[in-house]
Amino acid sequence: MKGDQAGDTRSAALDAYLEQRAAQGFRVESRSGVQAVIVRRHRLYFVLCWVARARAEQRLVVSVVQHGEVTSLAAEPVRW
């Protein structure tokens, strides 16, 4: 039971964080119980793909540690 409560806490923390980021324009690209990859495209995405690919979108890996603390790191760009 104790492990289930920790998993529920981590999942709830991730849910709350993803809701905040969704309000900022991010969408969930993939997700597990304690980790997600989120992405936000620049409003000029299609132009920037040709000119400045690195600025076309922002991708983050979001993780929740055992105590419910959420961290995010820049994710690698999608390879074509």
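**View 1. The whole chain, with three helices and four strands.** This is a predicted model, and the chain in it holds three helices and four strands. Reading from the N terminus, the elements come in the order α-β-β-α-α-β-β. The chain has 80 residues, and 24% of them are buried. As for how the fold is wired, take the contacts with a sequence separation of 6 or more: 30% of these join residues 24 or more positions apart.

**View 2. The open sheet, ordered E1-E2-E3-E4.** All the pairing you see here is antiparallel, and the four strands make an open sheet. E1 and E4 (70-74) sit at the edges with a single partner strand each, so one side of each has no neighbour in the sheet. Going from one strand to the next, the twist averages 30 degrees.

**View 3. Where E1 meets E2.** Four bridges hold this antiparallel pair together on the DSSP count. One spot to look at is arginine 27, which stands opposite valine 39 in E2. Valine 39 turns up again at the loop between H1 and E1, where glycine 25 lies. Glycine 25 touches Val39 and Arg40, leaving out residues up to four places away in sequence. Between the C-alpha atoms of glycine 25 and valine 39 there are 8.4 Å, and along the chain the two are 14 residues apart. Glycine 25 itself is partly exposed, with a relative accessible area of 45%.

**View 4. The E3 and E4 hairpin.** Here the antiparallel pairing runs over five bridges. Serine 63 has threonine 71 in E4 as its bridge partner. Five residues lie between the two strands of the hairpin, and glycine 68 has a positive phi near 90 degrees.

**View 5. The largest nonpolar core, a group of ten residues.** Nonpolar side chains tend to be buried together in soluble globular proteins. In this model, the members of the largest such core are Ala13, Leu14, Tyr17, Leu18, Phe26, Ala36, Ile38, Leu60, Val62 and Val64. Helix H1 (2-23), strand E2 (35-41) and strand E3 (57-64) each put in at least two of them. H1 gives the largest share, with four residues.

**View 6. Valine 62 and its surroundings.** Zoom in on one core member, Val62, and ask which residues valine 62 touches once those up to four places away in sequence are set aside. The set is Leu14, Tyr17, Val34, Gln35, Ala36, Ile38, Val70, Thr71 and Ser72. Of these, Leu14, Tyr17, Ala36 and Ile38 are also listed in the core.

**View 7. Arginine 21, buried without a salt bridge.** This arginine lies in helix H1. How far away is the nearest side chain of opposite charge? That side chain is glutamate 19, and it is 13 Å away. What arginine 21 does contact, apart from its neighbours within four places in sequence, is Phe26, Ile38, Leu60 and Ser72. Phe26, Ile38 and Leu60 are core residues too.

**View 8. The salt bridge of aspartate 15 and arginine 31.** Side chains of opposite charge can pair when their charged atoms come close. The model has two salt bridges, and in this one the closest N and O atoms are 2.7 Å apart. Aspartate 15 belongs to helix H1 and arginine 31 to strand E1 (residues 27-31), so the pair ties together parts that are 16 residues apart in sequence. Is aspartate 15 buried or partly exposed? Aspartate 15 is partly exposed, at a relative accessible area of 31%. Arginine 31 is partly exposed as well, at 39%.

**View 9. The salt bridge of arginine 59 and glutamate 29.** The side chains meet at 2.3 Å, N to O. Arginine 59 is in strand E3 and glutamate 29 in strand E1, so this pair links distant parts of the chain, 30 residues apart. Arginine 59 is buried, with a relative accessible area of 12%, whereas glutamate 29 is partly exposed, with 34%.

Methods: Residues are numbered from 1 along each chain as its sequence is written. This is a predicted model: local features need pLDDT of at least 70, side-chain atom pairs count only at pLDDT 80 or more; totals for chains, interfaces and linings use all residues. Side-chain values use heavy atoms; hydrogens and water are left out. A nonpolar core is a set of buried Ala, Val, Leu, Ile, Met, Phe, Trp, Tyr and Cys residues joined through side-chain atoms within 4.5 Å. Buried means under 20% relative accessible area, exposed over 50%, partly exposed in between (1.4 Å probe, protein chains only). Contact means heavy atoms within 4.5 Å. A salt bridge is a side-chain nitrogen of Lys or Arg within 4 Å of a carboxyl oxygen of Asp or Glu. Two strands pair if DSSP finds at least two bridges between them. Axes are lines fitted to C-alpha atoms, for helices over the stretch in contact, and angles run from 0 to 180 degrees between N-to-C directions. Lys and Arg count as positive and Asp and Glu as negative; His and the chain ends are not counted.
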